[in-house]
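Visitor: I should like to be guided through a protein model, with the reasoning set out step by step.

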Amino acid sequence: MTVTWTSGYSIKEAMPFVEWGHEGGSQVHLSPAGTLTFSRNSMCGSPARTVGWRDPGYIHTSFLKELWPDSLYTYRLGHRLPDGTHIWSKPYSFRASPYPGQDSLQRVVIFGDLGKAEIDGSDEYGNYEQASLYTTNQIIKELDSIDMVIHIGDISYADGYLSQWDQFTAQIEPIASSVPYMIGIGNHERDWPDTGSFYGHNDSGGECGVPTQTLFYLPAENRAKSWYKTDYGMFRFCVANSEEDWRAGSEQYRFIEECVSSVDRSKQPWLVFLAHRVLGYSSGSWYEVMMGTYGEPMGRDGLEELWQKYKVDLAVFGHIHSYERTCPIYQASVCSSQTFPVYPYLQIIIKASRVERDFVSFCVRACRAGACRTDRTATSAASTRRRTSSSSSAAPASLPSGTAYPTGASPGTTTSDSGS
Ligand SMILES: [Fe+2]
């Protein structure tokens, strides 16, 4: 387990460490922490380098190793001062991950685009993330039944106003101090012109990834690239960085292939691809109007090949601030032996909730009804019908009348369309 925190102590002023042990046990372990920081000059532009700059203090990271699977641990953060006295945090606790391959239950919450907000409703820069409080409060309320959180990009929306990282990390601390809080990189962390990001926009406010890649430890071979793989219980997560090139032949593409091909499916039967930007296949009006149904398709064909070849179970994206899901799609079609191999679907149907079973059944029915292609004509017609209907579950034009979507399960059903 990795523990990261921020303080005002450099290593010349105090030695950072974590004191930890089995809950209720007598043995106490001490693990030293490494210390990083970053400077104004490592910012790529304004406001991060100018009016938004704030000294981040020191970021400490410690690794608690050789944990007993599924065991409860307590820990606290310490700083040893030169006179031998200590500064202590309050105590925290976490449960260690299950042994890889152990038949066990994992409950993983995945979302993108969270941000932060003032709990008293005060105005602030980028004051459009009030809903983040609902999300964090709900997760905190249900924390006893959550094993892991993955935040796939657009983390704090500090956008170059660095004090907002403190506000964000304070908001998520009850979560991140208790369960693994993994992140991916989004445009609001990384994008800045002429700094190597795939998109040359100024969405990061001059941060160009530096605060994110210092504040959050990622198990990445190259911290600046920020793509990585991680196993948790019965999951293998391949977390890509959509703000770097991932087209076939790129360095990241090679990493993704290595990630999806190297997993031992007897231990991690669930193989999940995560990234910030959506790889097209959206029928949402924002993408459809602004960018075409297949917005941002860069590299999609190549990635699809990998997902198909190595039988990726699930791909989840953020960025669009909407909830939307699709039937299985391969090469713009939902209907082929490639998208409906029998065995995996039997597995899903057996293991899934009733809502999921209904959704799979819907996809099979849609396929049989001829709603195979996900081309713009079909989805545009579906969107038009949605906009003119009082129901959010209108069927695509190519489905025969009377073929109903399960509630909330239509491919392309969106709850909102805004932002990125
Ligand atoms: Fe985004």
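The questions and answers below move from the whole chain to its strands and helices.

Visitor: How many helices and strands does the protein chain have?
Guide: The model under discussion is a predicted one. Both kinds of element occur in its protein chain. The count is 10 helices and 14 strands.

Visitor: What percentage of the residues in the protein chain is buried?
Guide: The protein chain holds 420 residues. A residue counts as buried if 20 or more other C-beta atoms lie within 10 Å of its own. The buried share is 36%.

Visitor: In what order do the strands of the open sheet of three strands lie?
Guide: Strand β8 (residues 108-111) pairs with strand β9 (residues 148-152) in the parallel sense over four bridges. Four bridges also join β9 to β10, and these two strands run parallel. β8 and β10 (181-184) are the edge strands, each pairing on one side only. The order is therefore β8-β9-β10.

Visitor: Which residue in β9 is the bridge partner of Val108?
Guide: Strands β8 and β9 pair in the parallel sense. Within β9, the residue that partners Val108 is Met148.

Visitor: Which helix joins β8 and β9 in a right-handed β-α-β unit?
Guide: The two strands of this unit, β8 and β9, are parallel partners. The helix that completes the right-handed unit comprises residues 131-141. It is α1.

Visitor: Are the helices α1 and α2 roughly parallel or roughly antiparallel to each other?
Guide: The axes of α1 and helix α2 (residues 163-176) come within 9 Å and cross at roughly 20 degrees. Angles under 35 degrees count as roughly parallel. The two helices are therefore roughly parallel.

Visitor: Which residues in α2 do Thr136, Ile139 and Ile140 meet?
Guide: Thr136, Ile139 and Ile140 belong to α1, which passes α2 in a left-handed crossing. Their counterparts in α2 are Gln171, Ile172, Pro174 and Ile175.

Visitor: Why is strand β13 largely enclosed by the rest of the structure?
Guide: Strand β13 comprises residues 270-275, which makes six residues to consider. It is largely enclosed because the number of these that are buried is five.

Visitor: Which residue of β14 stands opposite Leu274?
Guide: In β13, Leu274 is the bridge partner of Val239, and strand β12 (residues 235-239) pairs with β13 in the parallel sense over five bridges. Four further bridges join β13 to strand β14 (residues 314-317), again in parallel. The residue of β14 opposite Leu274 is Val316.

Terms used
Residues numbered from 1 in each chain as written. Predicted model: local features only at pLDDT ≥ 70, side-chain atom pairs only at ≥ 80, totals over all residues. Right-handed = clockwise from strand over helix to strand, strands pointing away. Buried ≥ 20, exposed ≤ 12 C-beta atoms within 10 Å, placed from the backbone. Axes fitted to C-alpha atoms, helices over the stretch in contact; angles between N-to-C directions. Parallel < 35°, antiparallel > 145°, perpendicular 65-115°, else oblique. Left-handed = near helix turned anticlockwise from the far one by under 90°. Contact = placed C-beta atoms within 7 Å.
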